Amino acid sequence: MSKFLKIQGISKSFRSGNEKLHILVDLALDLERGQMVAVTGASGSGKSTFLHLVGGMDRADAGRILVEGVDVTRLAGKELAEFRNRKIGFIFQFHHLLPEFSALENVMFPLLLRRTPFPQARQKAQELLDEVGLADRGHHKPGQLSGGEQQRVAVARALVGRPSLLLGDEPTGNLDEHTSEAIFQLLLEVHRTHRLTSIIVTHNPRLAALCELEKRLQEGKLVNVTSGN
Ligand SMILES: Nc1ncnc2c1ncn2[C@@H]1O[C@H](COP(=O)(O)OP(=O)(O)OP(=O)(O)O)[C@@H](O)[C@H]1O
Ligand SMILES: [Mg+2]
């Protein structure tokens, strides 16, 4: 069977004055459907850059990123927007919820973007809020929720469109240790129940070790991390 995710020869550099910063260099990664990989690495090593490329939010200089056989690097415009809306669930370090809208409305957005009828979108969003433990918080604005609750809403929003690939960029990075652990456990749970393939960037080695696979971004490449290392 072909791999769910096949990344080959990815390179990405940024210009900094006269200099060129080679952030990702011939990076490769293969994941089977259902695998969950934690990505660690020093600050500035390129973890966010890497996730943005996989999620189609930025362009690689070279290489291929095949998600279920579709090369993300070749998508543009409407097709790219559709790919992101249908296939990718993205969770950021800072939840990026819209402050003027309620938790329920925030979770509905990905569905409204794809023109799901309003009542259906509302029902699905409520189901997801129930699932992340916020059944009775739907009417709260983000500012009326704790950091952990905001991140639960972000998880619900990432999953409401039934994506196949979950990308988390330090989704617990902004939380205290206890809340961080709870959100990470939630991610492990939804990874399983939603049959996702997941890439989670984290600075926390203890949380990274909870994932089935751990890779470190180092010198532009993803290298294996063996336990006890
Ligand atoms: N748009 C950009 N223009 C120029 N340089 C950039 C750009 N985006 C990222 N960089 C540089 O690329 C490098 C990698 O950045 P990236 O945000 O991917 O790191 P990171 O591993 O996510 O770090 P952190 O752990 O601090 O979040 C950094 O040196 C950063 O300054
Ligand atoms: Mg980052």
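## A guided tour, starting at a helix crossing

Select α3 and α4 to begin: their axes come within 8 Å and cross at roughly 125°. That angle makes α3 oblique to α4, and the crossing is right-handed. Keep in mind as you go that this is a predicted model.

Now show the side chains where these two helices meet. On the α3 side, pick Ala103, Leu104, Val107, Met108, Leu111 and Leu112. Facing them from α4 are Phe118, Ala121, Arg122, Lys124, Ala125, Gln126, Leu128 and Leu129.

**Into the core**

Stay on Val107 for a moment. Together with Val153, Val155 and Leu166, Val107 touches the most other members of the largest nonpolar core, which has 34 residues. To see where that core comes from, colour β3 (36-40), α3 (103-113), α4 (118-131), α5 (147-159), α6 (177-193) and α7 (205-208), the elements that each give two or more residues to it. Which of them gives the largest share? That is α5, with six residues.

Next, centre the view on Val155. Setting aside neighbours within four places in sequence, Val155 is in contact with Ile91, Val132, Leu186, Leu187 and Val190. Then look for another core, which lies apart from the one you have just seen: it has 30 residues, and Leu31, Leu80, Phe83 and Phe92 are among them.

**Helix α2**

Two of those names take you to your next selection, α2 (residues 77-87), where Leu80, Phe83 and Asn85 are buried. What do the buried residues of α2 pack against? Their partners are α1 (47-54), β4 (62-67), β6 (88-91) and α3, the helix where you began.

**Across the sheet**

Switch to a cartoon view and select the strands in the order β6-β7-β8-β3-β9-β10: these six form an open sheet with mixed pairing. At its edges are β6 and β10 (221-224), each pairing on one side only. On average, neighbouring strands of the sheet are turned by 25° against each other, with direction ignored.

Zoom in on the β10 edge. Here β9 (residues 213-218) pairs with β10 in the antiparallel sense, over four bridges. Pick Gln218 and you can find its bridge partner, Lys221, in β10.

Bring α2 back on screen: this helix packs on the sheet, where it touches β6 and β7 (165-169). The direction of α2 makes about 75° with that of β6. Add α6 as well, which lies across β3, β6, β7 and β8 (197-201). Against β8, α6 runs at about 160°.

**Two residues to finish**

While α6 is selected, click on His191, which lies in this helix. Is His191 buried or exposed? With a relative accessible area of 7%, His191 is buried. Leaving out residues up to four places away in sequence, you will find His191 touching Gly34, Gln35, Met36, Leu196, Thr197 and Ser198.

For the last stop, go to the loop between α7 and β9 and select Ala209. At 54% relative accessibility, Ala209 counts as exposed. Draw a distance line from its C-alpha atom to that of Val225: the two residues are 16 apart along the chain, and these atoms are separated by 9.6 Å.

Notes: Residues numbered from 1 in each chain as written. Chains lettered and ligands numbered in written order. Predicted model: local features only at pLDDT ≥ 70, side-chain atom pairs only at ≥ 80, totals over all residues. Heavy atoms only, no water. Core = buried A, V, L, I, M, F, W, Y, C linked by side-chain atoms within 4.5 Å. Buried < 20%, exposed > 50% of the residue type's maximum accessible area, 1.4 Å probe, protein only. Contact = heavy atoms within 4.5 Å. Pairing = 2+ DSSP bridges. Axes fitted to C-alpha atoms, helices over the stretch in contact; angles between N-to-C directions. Parallel < 35°, antiparallel > 145°, perpendicular 65-115°, else oblique. Left-handed = near helix turned anticlockwise from the far one by under 90°.
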